[in-house]
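Here are my notes on this one, written to be read with the model open beside you. I start with the chain as a whole and then go into the details.

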Amino acid sequence: MTQFNKFALLGAACFALVSCNEDDNNSTSVNKEIDFASHSSVPAFVFPMTGFEDMQISTLISSTDVLSQSPSFVFAGQPDGAGFMKDPDSDGYIMISNHEISQSVSRVYLDKTFKPVKGEYIVNSLGGMTRLCSATLATPQIHGFGPVFLTAGESGEESMVHGIDPLGLTSNAGNTDRVLPALGKASMENAVPLPKGVFSGKTIVFIGEDQSYSSSHASAGQLIMYMSNTLGDLQNGKLYALKRNDGNQVEMTMQKGQSYDVSFVEIPNAKNLTGAVINTTVNGLGAIRFSRVEDVDYGKGSKSKNRDIYFTATGQASSNQPVEGYTMWGRVYHLTMDANDPLKGKLEVIVEGDSTPGTGIINPDNLCVTENFVYIQEDGDSYYTAAQHDSYIWQYNINTKTNKPWLNMNHKRNDPTWVAAYNQSGETRFGCWEYGAMEDISDIIGVPGTFAVNIHPHTWQKDAFRNADGSGNSTNKEGGQVVIIRNVEQ
């Protein structure tokens, strides 16, 4: 039995996806069993910005926490991509998390009150092989296939997407046979399938390529699309790259306020090509050269909104100076897919960092799209000297087209006790902490307006955090944290 046939059989169980998915929260019922008290001994590393003070924030898990059923488990640093679902074997829940720097995937069990009680690793660094960044948990209810945790490898152009069984055995943590060649090879950040029925009978997966321009990688970053005419098929489809219909490949020739006709052009035989050959082929096809496509998400609430695709270009610079043709401070794009042909669409810039250098958006990374908003998480660790704020999450209003700072990092640089506890590296520059996934968990736990946010507090370093996945293959000693935020506008 193939791995994905096995996943299909599991689909009869009750699963729920969170990758900022459908916002069906019109019910007035609320799950009274959920306990939003901070279950961690570590305070939240974030706080709300002005105008959003009614949000309530609690800490779900941090790297120093000891879980009652697995006291030796350590929640590793750099929790990035994530997915939540109900536990088919109990009345609790399961949280799946990538840990980027340790190339691993953890599984944390939560009881019916949403308290973490047990943790383990279903992928270790030997099985992960490359840094695992953003991710999406595909489920039969939303996507028509799965459950499968699609996590993208990001350690050079030969990296691949993994399809991980979220209920898999921990004894398989070192397996390397879970990659998906049909989704190509590239330095990837996420693989995001569209909901079933958006394009009837098709499987469509968007992939962001987090690649800077260099003489050896002329195509730079790409928005890639995998498409199969069979629902749930991740092995036999075709791979495409986004290009402008006028053939212009230069990112910065596109301006905010204008719309550009685009189409997806096929990368022939991509399944059997190396990443280096894909890079050369894509450039020869005239695809748009973006500056590091780090994340992708789609609109929620209806099939027409599901065809609204949002993605980031995180940006790049050389010695704190722009690289000609590429965004330095970062951008967010909106692709409107043609309702009748997924290979056609319109592209526009909706957020522009280069017009407000250092004060506006800085290096947008992960995205969380709801029905009315795009939540844009910054990765400010490029350390541009002109940066004037720490990493924010911004709230972009899709209807009014306004963009506001929504959440900030709680560095407390002037508090010696805090600094001693959470800044062992001594780093104080703006942007030295960053965000991982932001996930809408409202439907899963039955409490509207509830989201989880992953945090990379890079300066929080302890020897006890080393080798968290047990592989003996990582010397990194960073900690990580997940917080729960309530009263989030959807």
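1. **Contacts along the chain.** This is a predicted model, and a good place to begin is how the chain contacts itself. If you take the contacts between residues at least 6 apart in sequence, 63% of them join residues at least 24 apart. As for burial, 61% of the 490 residues count as buried.

2. **Overall dimensions.** The C-alpha trace spans about 60 × 55 × 50 Å along its principal axes. Does the radius of gyration agree with a compact globule, or disagree? It agrees, because a compact globule with 490 residues would come out near 23 Å and the chain has 21 Å. In secondary structure terms, you'll be looking at seven helices and 27 strands.

3. **How far to trust it.** The mean pLDDT of the chain is 93, with 94% of residues reaching 70 or more. Please be careful with residues 1–19, though: the pLDDT there is below 50, even though the stretch has 62 contacts in the model beyond near neighbours in sequence. Residues 21–27 call for the same care, with pLDDT below 50 and 23 contacts beyond near neighbours in sequence. I wouldn't read much into the drawn position of either stretch, given pLDDT below 50 in residues 1–19 and in residues 21–27.

4. **A four-stranded open sheet.** Follow the order β3-β4-β5-β6 and you have an open sheet of four strands with antiparallel pairing. Its edges are β3 (79–86) and β6 (116–123), each of which pairs on one side only. On average, neighbouring strands here are turned by 20 degrees against each other, direction ignored. Within the sheet, β5 (residues 104–110) and β6 pair antiparallel over six bridges. To find the register on screen, look for V105, which stands opposite V123 in β6.

5. **F114, between β5 and β6.** The loop between those two strands holds F114. What is unusual about the phi of F114 for a residue that is not a glycine? The angle is positive, at about 75 degrees. F114 is also buried, with a relative accessible area of 3%. On top of that, F114 is among the residues of the largest nonpolar core that touch the most other members.

6. **The cores.** That largest nonpolar core has 51 residues, and M95, F114, W406, M438 and I445 are the ones touching the most other members. I445 is worth clicking on: leaving out residues up to four places away in sequence, I445 touches N31, I34, F36, Y93, F114 and T450. There is also a second, separate core of 29 residues, with F199, F206, Y240 and M337 among them.

7. **S319, as a counterpart to F114.** S319 has a positive phi too, near 55 degrees, and is likewise not a glycine. You'll find S319 in the loop between β17 (317–318) and β18 (321–322). Is S319 buried or exposed? S319 counts as exposed, because its relative accessibility is 69% and the cut-off for exposed is over 50%.

8. **β14, β19 and β20.** Strand β20 (residues 344–352) has two partners to look at. With β14 (residues 259–266), β20 pairs in the antiparallel sense over five bridges, and Y260 has L347 as its bridge partner. With β19 (residues 331–337), β20 is again antiparallel, over seven bridges. Here H334 stands opposite E348. A hairpin of six residues joins β19 to β20.

9. **β2 and β27.** Strand β2 (residues 56–62) is mostly covered, with five of its seven residues buried. Which strand do six bridges join to β2? That partner is β27 (residues 481–486), running antiparallel to β2. T59 is one residue to use as a marker, since its bridge partner in β27 is V483.

10. **A cis peptide.** Lastly, look at the bond between G146 and P147: it is cis, with omega about 5 degrees. P147 sits in the loop between α3 (140–143) and β8 (148–153).

How values were computed: Residues are numbered from 1 along each chain as its sequence is written. This is a predicted model: local features need pLDDT of at least 70, side-chain atom pairs count only at pLDDT 80 or more; totals for chains, interfaces and linings use all residues. Side-chain values use heavy atoms; hydrogens and water are left out. Two strands pair if DSSP finds at least two bridges between them. Axes are lines fitted to C-alpha atoms, for helices over the stretch in contact, and angles run from 0 to 180 degrees between N-to-C directions. pLDDT is the predictor's confidence in each residue, from 0 to 100. Contact means heavy atoms within 4.5 Å. Buried means under 20% relative accessible area, exposed over 50%, partly exposed in between (1.4 Å probe, protein chains only). A nonpolar core is a set of buried Ala, Val, Leu, Ile, Met, Phe, Trp, Tyr and Cys residues joined through side-chain atoms within 4.5 Å. The radius of gyration is taken over C-alpha atoms; the globule rule is 2.2 Å times the number of residues to the power 0.38.
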